[in-house]
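Student: I have a model open and would like to understand the labels people attach to it. Could we go through them together?

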Amino acid sequence: MINKRKDFPILSREVYGKPLVYLDNAATTQKPLCVLDAMRDEYLNVNANVHRGVHYLSQQATDLHEAAREKVRQFIHARKTEEIVFTRGTTEAINLVASSFCESQMQEGDEVLVTEMEHHSNIVPWQLQAMKRGIIVKHLPITDDGRLVNCDDIATYMTERTKFVSVTHVSNVLGTVNPVKEIIQIAHEHGIPVLVDGAQSAPHMMIDVQDLDCDFFAFSGHKMYGPTGIGVLYGKEEWLEKLPPYQGGGEMIDKVTWEKTTFERLPFKFEAGTPDFVATHGLATAIDYIQSIGFDAIQQHEQELTRYCMQQLLTIPDIHIYGPQLKVQSTKFKVQSSKDAVVSFNLGSIHHLDVGTLLDRLGIAVRTGHHCAQPLMDRLGISGTVRASFALYNTKEEVDALVAGIERIRKMF
């Protein structure tokens, strides 16, 4: 098991006189000291706007900013830094693609295909385009245990009007790992480009956008031990060249006259205004931190926690876990490979908000509610769940505290 808790000072604090047990990592992760130190150092010593100044500080800040872009390129195995666009997060990245793609590539009546387990960030941007441009948003259904329909059936949901597929890599509610590589292959056989929402996958597994062959990939820094307010959109160069800018302003222009504006080369065409160049440096430092541990170790650690958590929860009467379930082989519990670092559950008829509130009084931070996935909640026939989500710094002892807290709440009711 990984032992890196000393790198995260916040984990040593108390809440209501109890040791903090932080299990809300799918919402945001805590930040290691190296990330905080890197950002503080840049504010103290290299604070100047990027790409615009000839003076030393501006050049140094620009070098750090563009080094971060190269770090991201390597992290997701993109071909070129021109394919790496900095955004405020996954949400803005998807909005960018939805706006620019629908404006230039779709007509009234054309369809975009998402899934029934999407976060609102991969539903609402397309619905906004439906209101503006008359496109149609369709969804792939899921099974009762939280999986997509079989890959062989996915093509049956595509028509001659399907122009785009946008799919989550890992569900933020169910932990389901979708077969995105197979989905991309099927979509490409029909000439349809694909965006992968990687907000919940980039922190937990190695991403190779060339191997996936996705046309777009989006993720956020704050879910992978980096700062808030910074994210990444990867786009294949040929698609980014075709799409119009999402926003206008400084930095993204080549020449402006009263008659006409021409736009900068990639990726700057999509980066209007001053970027959060300190956050990009923080993101690069977070990537260094992750890579120093290694995804093999991170996955093994988090999958062991997920397996242990589900095993222990299933000993509690009236517990209901959503998404891919455990398989029992002999006397051992095993988690299917399509489950990752998220366990969502309800306890009998006790409202999820009550469970979360009482766990909080025990120092245990979990998420409750619909998790920005209300259509998924409707499909499951519930209003919300309690969600425990894991990161590299979590421990089995914290899982034990969660389980003991739930058992205590059950007895109270």
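Tutor: Happily! Helices here are DSSP runs of H or I with at least four residues, numbered from the N terminus. By that naming, L128 sits in helix α4. Do keep in mind that this is a predicted model.

Student: What makes L128 partly exposed, rather than buried or exposed?

Tutor: Buried means under 20% relative accessible area and exposed means over 50%, with partly exposed in between. L128 has 36% relative accessibility, so it counts as partly exposed. The C-alpha atom of L128 is 9.4 Å from that of N95, with these positions 33 residues apart along the chain.

Student: Which helix pairs with α4, and at what angle do they pack?

Tutor: Helix α3 (residues 90-105) packs with helix α4 (residues 124-133) at about 25 degrees, and their axes are 9 Å apart. Angles under 35 degrees count as roughly parallel, so α3 is roughly parallel to α4. The two helices make a right-handed crossing. On the α3 side the contact uses I94, N95, V97, A98, S99, C102 and E103, while α4 supplies P125, W126, Q129 and R133. Those residues divide into 6 nonpolar, 3 polar and 2 charged.

Student: Why are α10 and α13 called roughly parallel?

Tutor: The same kind of reasoning works. Helix α10 (residues 295-313) and helix α13 (residues 396-412) pack at about 25 degrees, with axes 10 Å apart. The cut-off for roughly parallel is under 35 degrees, and α10 and α13 therefore earn that description. Their crossing is right-handed. In this contact, E304, L305, Y308, C309, Q312 and L313 of α10 meet K396, V399, D400, L402, V403 and I406 of α13. The division here is 8 nonpolar, 1 polar and 3 charged.

Student: How do you know that L283 is buried?

Tutor: The relative accessibility of L283 is 0%. Since buried means under 20%, L283 counts as buried. L283 belongs to helix α9 (residues 277-293). Setting aside neighbours within four places in sequence, L283 is in contact with V72, F86, G221, M224, P227, I230 and V232.

Student: How far is L283 from L243?

Tutor: Their C-alpha atoms are separated by 26 Å, and the two residues are 40 apart along the chain. For another pair, take M206 and Q291: they are 85 residues apart along the chain, with C-alpha atoms separated by 9.8 Å. M206 lies in the loop between β8 (194-197) and α7 (209-212). Not counting residues up to four places away in sequence, M206 touches H77 and F295.

Student: What makes Y16 and Y225 worth a second look?

Tutor: Their backbone angles. Most residues other than glycine have a negative phi. Y16 is not a glycine, yet its phi is positive, about 55 degrees. Y225 is not a glycine either, and its phi is about 70 degrees. Y16 is in the loop between β1 (14-15) and β2 (18-19), and Y225 is in the loop between β9 (216-220) and β10 (231-235).

Student: Why is Y16 called partly exposed?

Tutor: Y16 has 46% relative accessibility, which falls between the 20% and 50% cut-offs, so it counts as partly exposed. Y225 has 1%, under the 20% cut-off, and therefore counts as buried.

Student: Why is the bond from L266 to P267 called cis?

Tutor: Its omega is near 0 degrees, and the bond is cis. Most peptide bonds are trans. P267 is located in the loop between β12 (261-263) and α9.

Student: How do you know that the whole chain agrees with a compact globule?

Tutor: For 413 residues, such a globule would have a radius of gyration near 22 Å; the chain has 22 Å, so the two agree. The C-alpha trace spans about 70 × 55 × 35 Å along its principal axes. The chain contains 13 helices and 19 strands. Buried residues account for 56% of the 413.

Student: And how many contacts join residues at least 24 apart in sequence?

Tutor: Among contacts between residues at least 6 apart in sequence, 72% do.

Conventions
Residues numbered from 1 in each chain as written. Predicted model: local features only at pLDDT ≥ 70, side-chain atom pairs only at ≥ 80, totals over all residues. Heavy atoms only, no water. Buried < 20%, exposed > 50% of the residue type's maximum accessible area, 1.4 Å probe, protein only. Contact = heavy atoms within 4.5 Å. Axes fitted to C-alpha atoms, helices over the stretch in contact; angles between N-to-C directions. Parallel < 35°, antiparallel > 145°, perpendicular 65-115°, else oblique. Left-handed = near helix turned anticlockwise from the far one by under 90°. Nonpolar A, V, L, I, M, F, W, Y, C, P; charged D, E, K, R; others polar. Rg over C-alpha atoms; globule rule 2.2 N^0.38 Å.
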